[in-house]
Amino acid sequence: MKITAVEAIPYAIDYRKPLKFASGEVRTAEHVLVRVHTDDGVVGTADAPPRPFTYGETQASVIAAVTGIFAPSITGLSVLERETVRSRLHRTVGNPVAKSAVDMALWDALGRTLGVSVSELLGGFTDRLRVSHMVGFAPAEQMVAAAEQMRDEHGVTAFKVKVGRRPWKQDTDAVRALRTALGDDVELYVDGNRGWTPSEAAQALRAMDDLDLSMAEELCPADDVLGRRWLTAQASIPQFADESATTPAEVARELLDGAATGISIKTARTGFTVSQRVLGLCEGLGVEVVMGNQIDTQVGTVATAAFGAAHELTSRRPAELSNYLDMSDDLLAEPLVIADGHLKVRQGPGLGTDVDEQKLSHYRQDH
Ligand code: MUC
Ligand code: MG
């Protein structure tokens, strides 16, 4: 059960359709596959999707943190010593994506060692999640077509629409076109990725007041301290914090400041160990959560689904699990399936993230 090595393998897979949003765009998944090896011959796997525009990490910085700092500090520990691993990882500030991949690979190794699924180890609440799809920037008719395709091919009826462009009317027109085309029964919500000022966000929300949005995410930056409080105080729908709430302390600050009324949990940046702390905090404060998507591959999506399905609160809202469908290829040996608007959690042992080794050797960039 002892950790003998931690590998960080860079790879790149193109998107067929890039995802564009207010803080950036992703054309290629330039990620790092993290593998934790144990002395029993067990290998735990997780994906690290660096997002320089959100957390400052890059593929190179993830590899440097994992191999240069984290691997030496946890080698020799047992896979059961998760809290010691967490404490050692958190001696280093920042690097949330690198830390999370090590944490999730460790949980995968633990599940494989014990012969049980990670979702059951975490809580085992349900075996499937309703899926929400993120619709990126494009002309309104293309955004409508993308949503209709997801509905028709996969039965998805919940959509997060990217907003935050200037002038804001192009976004509110696109959301209106989606509501008109998809009808009243689909769930629609918006994510601004910090693109607007608080006053632009207030105007845009007023312009969409009749569109029955279920929530709005990160419309303006957390650094607009009073502006965000002002916006949240007047909003008629919950204001979710995403990239402004990446640690339990940031979550506490955003909520107690009145700057947000809901929290997006992303396993890609808080792993399983810290995501459970964020979840407990939200539950204690009586705050809703959504399982977010860090533009995840199938390996990352498996982790989000395992965590989301493990707990009651995380399985209430549709989880953002479908954007891997826009990739040209993936690493999982057995692809995920979204049907009737739901994704079933992988059965164990571990996370069930068995990687296709031929694909990995094709896409890896270190040889
Ligand atoms: C989201 O919810 O913001 C965009 C950047 C990122 O890291 O995640 C996405 C989606
Ligand atoms: Mg977001």
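Visitor: Which residues in helix 6 are buried?
Guide: The model is predicted, so local features need pLDDT of at least 70 and side-chain atom pairs 80 or more, whereas totals for chains, interfaces and linings use all residues. Residues are numbered from 1 along each chain as written, with chains lettered from A and ligands numbered from 1 in written order. In helix 6 (a DSSP run of H or I, at least four residues; strands are E, at least two), the buried residues (20 or more other C-beta atoms within 10 Å of their own, backbone-placed; exposed, 12 or fewer) are Met143, Ala147 and Met150.

Visitor: Why are Met143, Ala147 and Met150 said to lie on the same side of helix 6?
Guide: On the other side, Glu141, Asp152 and Glu153 are exposed. The buried Met143, Ala147 and Met150 are on the same side because the directions from the axis to their C-beta atoms cover an arc of only 55 degrees.

Visitor: How far apart are the end C-alpha atoms of helix 6?
Guide: Helix 6 has 15 residues, 140–154. At 1.5 Å times one less than that number, the expected span agrees with the distance between the end C-alpha atoms, 21 Å.

Visitor: Which glycine follows helix 6?
Guide: The residue in question has a positive phi, near 70 degrees. Helix 6 is followed by glycine 155.

Visitor: What is the distance between the C-alpha centres of domain 1 and domain 2?
Guide: The automatic or database assignment gives domain 1 (3–116 + 355–363) and domain 2 (120–344). The shell around ligand 1 (C-beta atoms within 6 Å, backbone-placed) draws at least three residues from each domain, including Phe21 and Asp242. The C-alpha centres of domain 1 and domain 2 are separated by 23 Å.
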